[in-house]
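Here are my notes on the model you asked me to look over. Please read them with the coordinates open beside you.

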Amino acid sequence: MASGDLERGTKNRGNNANFPSYYVETAEKQWTSWIIPMFVVANIAVFIVVMYVNDCPKKSLGIEGSCVAKFLGRFSFQPLKENPLFGPSAATLEKMGSLKWNKVVHGHQGWRLITCMWLHAGVVHVLANMLSLIFIGIRLEQQFGFVRVGIIYLVSGFGGSILSSLFIQQNISVGASGALFGLLGAMLSELLTNWTIYSNKIAALLTLVVIIAINLAVGILPHVDNFAHIGGFMSGFLLGFVFLLRPQFGWAKNQHSPADGRVKSKHKAYQYVLMLAAAVLLIVGFTLALVMLFKGENGNDHCSWCHYLSCVPTSKWNCRS
C-alpha cells in the first residue's frame, strides 16, 4: 500500500500453517467443513470485485508509474510504488469499506468495522491470509462445527477492528488477519480449558505459544496493523473458553455404563469458571471499547507506550512515515 495505509499482517500469515497437531484422548463427531471454504471464496470474490471497481488503466492516468499486469485490463494492479502487494489503490479500498476512524466515528459509518475484514490490500495479502485460514480454520471446523467456528471468526474480526480504530486513527486498515488471530487465540484457550484430555500437553502448548508470538512479533513492522491482530487474538482467546469446551475424558463412553462407574459431570468445574469469566470479560470489554470508540477517544491518550505494539521504529524505517 501507499505509505499512509495499513494492511493487516500480510507478511506474517505463512507462519500460521505450522500450528501444532494435537492428539486428543476422546472420540468425537467429525464435522464436514463448509463455512471456512465459503469464507475463503467470499474473500477472493470481494477482492475481484474491488479490482474491477479499481480499474487502474482508467483511473491512474497521470500517476507516476504504470499499471502492473496491463494484460488484465481493468483488473490490472496499481503501480508498485503505490501498492507493492499487487492490489488496488487506497482510494478504492476506502470507497469499498476499509476501516477509517474518522468515517466510523464522525461519518457514522460503523459498518466499516465489519466490511474491512473482507477487503485485502493486494494479491499477496489475500493469498497469504486465505492459505492461513484454510490451514487453521478447516481443522477447527471439523472438530467443533461451523456455528462455533463461524462465530469466533466473525466476532474476532469485529474485535480486531474495534481495537485498531481506537489506536490507529490516521490510516486505513483492511484484512482478515484479526479474525485469523482470533482462531489462533481460540486454539490456545481450547487447549487450556480442555487440558486434561490432551497428551503431550506441554509440547503442544509451547509450540502454539511460539507460533502466536512469532506472528505477533512480525506485526511490529511498519504498515502492519498489529492492533487488529491483538484485538482479534484477545477476542478469540476469550471466545474459545465459551464455545470450545469438550467433555472430560471418559464421559461419552461411560454414558452406557452402570451408574456407579459413570463420570457424573460432563465438564469439570474449572471449565465452567473459565467460561463464565471469559463471557463477562467479553461483554465488558466490547461494551467499554465501543463506548470509547464512538465517543471519539484515542486509545493512545490512555496508554502512552501502546503504539510500540504495532510498530517499533528503527534505523531502517520510521513508524510515522
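The points below take up a helix pair, the nonpolar cores and two backbone positions.

1. This is a predicted model, and I begin with the pairing of helix α1 (residues 35-54) and helix α7 (residues 146-167), whose axes come within 10 Å and cross at roughly 40 degrees. On the α1 side the contact is made by I35, I36, F39 and N43, which meet F146, V149, G150, Y153 and L154 of α7. Of the residues in this contact, 7 are nonpolar and 2 are polar, with no charged residue.

2. The largest nonpolar core has 53 residues, and the members that touch the most others are F39, L133, L140, Y153, L183 and L293. Two or more residues are contributed by each of several elements, including α1, α6 (123-144), α7, α8 (177-193) and α11 (269-294), while the largest share, 8 residues, is that of α8. Leaving aside residues up to four places away in sequence, L140 touches G145, V149, L183 and M187.

3. A second core of 8 residues is separate from the one just described, and L85, A90, A121 and V174 are among its members.

4. Two residues other than glycine deserve a look for their backbone angles. D55, in the loop between α1 and α2 (56-59), has a positive phi near 45 degrees, and because its relative accessible area is 9%, D55 is classed as buried. F86, in the loop between α2 and α3 (90-96), has a positive phi of about 60 degrees, and F86 is partly exposed, with a relative accessible area of 29%.

Terms used: Residues numbered from 1 in each chain as written. Predicted model: local features only at pLDDT ≥ 70, side-chain atom pairs only at ≥ 80, totals over all residues. Heavy atoms only, no water. Axes fitted to C-alpha atoms, helices over the stretch in contact; angles between N-to-C directions. Helix = DSSP H or I, 4+ residues; strand = E, 2+ residues; numbered from the N terminus. Contact = heavy atoms within 4.5 Å. Nonpolar A, V, L, I, M, F, W, Y, C, P; charged D, E, K, R; others polar. Core = buried A, V, L, I, M, F, W, Y, C linked by side-chain atoms within 4.5 Å. Buried < 20%, exposed > 50% of the residue type's maximum accessible area, 1.4 Å probe, protein only.
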